Amino acid sequence: MTEPTAQVSLMEITRHNIKAVLALEVSLEQKKVYPRSNAYSIAEGHFSADDDPVWMRAIYADETPVGFLMTSEVPEDGIYFLWRIMIDQHHQGRGYGRRAVELLVQRIQKNGNPQYLLTSHLKGDGDAGIFYQGLGFDYTGEVMDETDFMMKLDFQHHEAEQGE
Ligand SMILES: CC(C)(COP(=O)(O)OP(=O)(O)OC[C@H]1O[C@@H](n2cnc3c(N)ncnc32)[C@H](O)[C@@H]1OP(=O)(O)O)[C@@H](O)C(=O)NCCC(=O)NCCS
């Protein structure tokens, strides 16, 4: 059992933790709004387009792998896309998802010239819209494939708010 006070970190996925990462799952209900398994995402991430490089990490709470995230990044343009983030159903509601996004945001801010962190989610019961809004994301109004609602964290706005 992981504790809400655990230290969250974003760790490389290696041969030592891959099985644990593949075993992490969202609930059956959440699969309606987050259908991709970590196996699917990791396979997809290894075959991304050359101009769309993917960054994948396991989310740890202390020593325990509890989740997974995946971005694609164009640092020259300051544009980042959070394609996937999940916390295993048994570890949700302890602040790990929020902390993982905060760590991602800090990493992007260190890169210089950050403009936008984009994401999207399917609409449905228990979708991640409120989670993302709590982290400073707003809906852009764009909908991809008629189901995928785009959201954006604007770094100019975000940094100004943090500085207040
Ligand atoms: C979305 C997800 C990553 C959140 O991770 P988590 O560790 O459970 O979230 P946290 O405990 O860090 O919650 C942070 C805040 O978001 C809120 N929140 C989290 N998930 C939420 C949801 N599905 N609906 C509404 N609010 C939610 C929490 O209540 C909390 O609010 P608070 O700060 O006011 O207390 C996790 O629920 C998940 O894996 N869901 C399935 C996959 C998914 O939908 N991924 C995102 C789509 S790409």
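Helices and strands in this tour are DSSP runs, a helix having at least four residues and a strand at least two, and they are numbered from the N terminus. With those names in hand, keep in mind as you select residues that the model is predicted.

**First stop: the loop between β6 and β7.** Select β6, residues 138-144, and β7, residues 148-154, and then look at the loop between them, where D145 is found. E146 also has its place in the loop between β6 and β7. Are these residues buried or exposed? D145 has a relative accessibility of 71% and therefore counts as exposed, since exposed means over 50%; E146, at 76%, counts as exposed too. Their backbones deserve attention as well, for most residues other than glycine have a negative phi. In D145, however, phi is positive, near 50°, and in E146 phi is also positive, near 65°.

**Second stop: helix α3.** Select residues 96-110, the 15 residues of α3, and compare the span you would expect with the one in the model: at 1.5 Å a residue the helix should span 21 Å, and its end C-alpha atoms are 21 Å apart, which agrees. Next, colour the buried residues of this helix, which are Y96, G97, A100, V101, L103, L104, V105 and I108. Just after α3 you will come to G112, which takes a positive phi of about 80°.

**Third stop: the ligand.** Now select the ligand, which takes up the space of the largest pocket, and display the 20 residues that surround it, of which the closest are I85, I87, G95, G97 and R98. Which elements supply at least two residues each to this shell? They include β4 (79-87), α3 and α4 (129-134). For the polar contacts, begin at I85, where a polar backbone atom is 2.8 Å from a nitrogen atom of the ligand, and move on to R98, where a polar backbone atom is 2.8 Å from an oxygen atom of the ligand. At D127, a polar backbone atom is 3.3 Å from a nitrogen atom of the ligand. Taken alone, the ligand exposes 910 Å², and the protein buries 73% of that.

**Last stop: R15.** Finally, select R15, which has its place in the loop between β1 (8-11) and α1 (18-22), and which counts as exposed because its relative accessibility is 72%. If you draw a line from the C-alpha atom of R15 to that of Q106, the two residues are 27 Å apart in space and 91 residues apart in sequence.

Technical notes
Residues numbered from 1 in each chain as written. Predicted model: local features only at pLDDT ≥ 70, side-chain atom pairs only at ≥ 80, totals over all residues. Heavy atoms only, no water. Buried < 20%, exposed > 50% of the residue type's maximum accessible area, 1.4 Å probe, protein only. Expected span 1.5 Å × (residues − 1). Near = heavy atom within 4 Å. Polar contact = N/O pair within 3.5 Å; in protein donor to acceptor, adjacent residues only side chain to side chain. Areas by Shrake-Rupley, 256 points an atom, 1.4 Å probe, with all protein chains shown as cover. 1 Å grid on protein atoms, 1.4 Å probe; cavity = no way out; pocket = protein on both sides within 12 Å on 5 of 7 lines; lining within 4 Å. Sits in = over half its atoms within 2 Å of the grid points.
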